Amino acid sequence: MEQDCIFCKIAAGEIEAEMVHEEEDVVAFKDINGQAPVHVLVIPRQHVPNLEAIGQLPDAVAKRLFEVSSEVAEKLGVDESGYAVRINNGPDAGQEVFHLHLHVMGGRKMGMP
Ligand code: AMP
Ligand code: ZN
């Protein structure tokens with residue numbers, strides 16, 4: 001766990017979040033500032049700051065991030081209407097939290113920015 005990482009603290013249960021899915025290595029919770037009717041963040045429990053560091057995750061965990069994204073979309077009823085899965089990586093993408101996370105967004109048309 002990285003000190004002062006808000007998502008590490010959410011994964012550890014030290015900061016509250018509206019959990020959507022929890023398992024051994026991956027958790028999903030509602031974005032605190034949702035930009036769509038469905039807006040969930042899917043994270044590995046292990047701290048990795050960005051995509052450049054994804055190789056630090058076991059392959060199975062990296063894969064689970066995508067599988068859980070799909071499962072969350074189904075659970076929240078947007079699997080058929082569709083949804084966007086987005087990673088903001090680095091300054092031009094506006095990355096604010098440096099713990100890798102996938103945004104799962106749906107419930108409205110999700111165009112390219
Ligand atoms: P980004 O790093 O650009 O992908 O943005 C970080 C995302 O995390 C934003 O959409 C925030 O609304 C969200 N966020 C920040 N703090 C929390 C929190 N405590 N609980 C849930 N979502 C959060
Ligand atoms: Zn972290």
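The following paragraphs describe the largest pocket of a predicted model and the ligand that sits in it.

Because the model is predicted, local features are restricted to pLDDT of at least 70 and side-chain atom pairs to pLDDT 80 or more, whereas totals for chains, interfaces and linings use all residues. Residues are numbered from 1 along each chain as its sequence is written, chains are lettered from A and ligands numbered from 1 in the order of writing, and side-chain values rest on heavy atoms, with hydrogens and water left out.

The largest pocket (an open set of points on a 1 Å grid over the protein atoms alone, where a 1.4 Å probe fits, with protein on both sides within 12 Å along at least five of seven lines) has a volume of about 620 Å³, a volume being the space filled by probe spheres set on the points, which are joined across faces, edges and corners. Its lining, defined by an atom within 4 Å of a point, comprises 25 residues, of which D31, I32, L41, E96 and H103 are the closest to the centre. Two or more lining residues come from each of α1 (6-11), β2 (26-30), β3 (38-44) and β5 (102-106), where helices are DSSP runs of H or I with at least four residues and strands are runs of E with at least two, numbered from the N terminus. The largest contribution to the lining, three residues, is that of α1.

Ligand 1 sits in this pocket, in the sense that more than half of its atoms lie within 2 Å of the grid points. The ligand is surrounded by 16 residues (those with a heavy atom within 4 Å), and the closest are D31, G94, E96, H101 and H103. As in the lining, α1 gives the most to this shell, with three residues.

Three polar contacts (pairs of N or O atoms within 3.5 Å) can be described for the ligand. A nitrogen atom of ligand 1 lies 3.1 Å from a polar backbone atom of I32, while oxygen atoms of the ligand lie 3.1 Å from a side-chain N or O atom of N88 and 3.0 Å from a backbone N or O atom of V97. Of the 510 Å² of accessible area that ligand 1 has on its own, the protein covers 87%, as computed by the Shrake-Rupley method with a 1.4 Å probe.

Notes. Polar contact = N/O pair within 3.5 Å; in protein donor to acceptor, adjacent residues only side chain to side chain.
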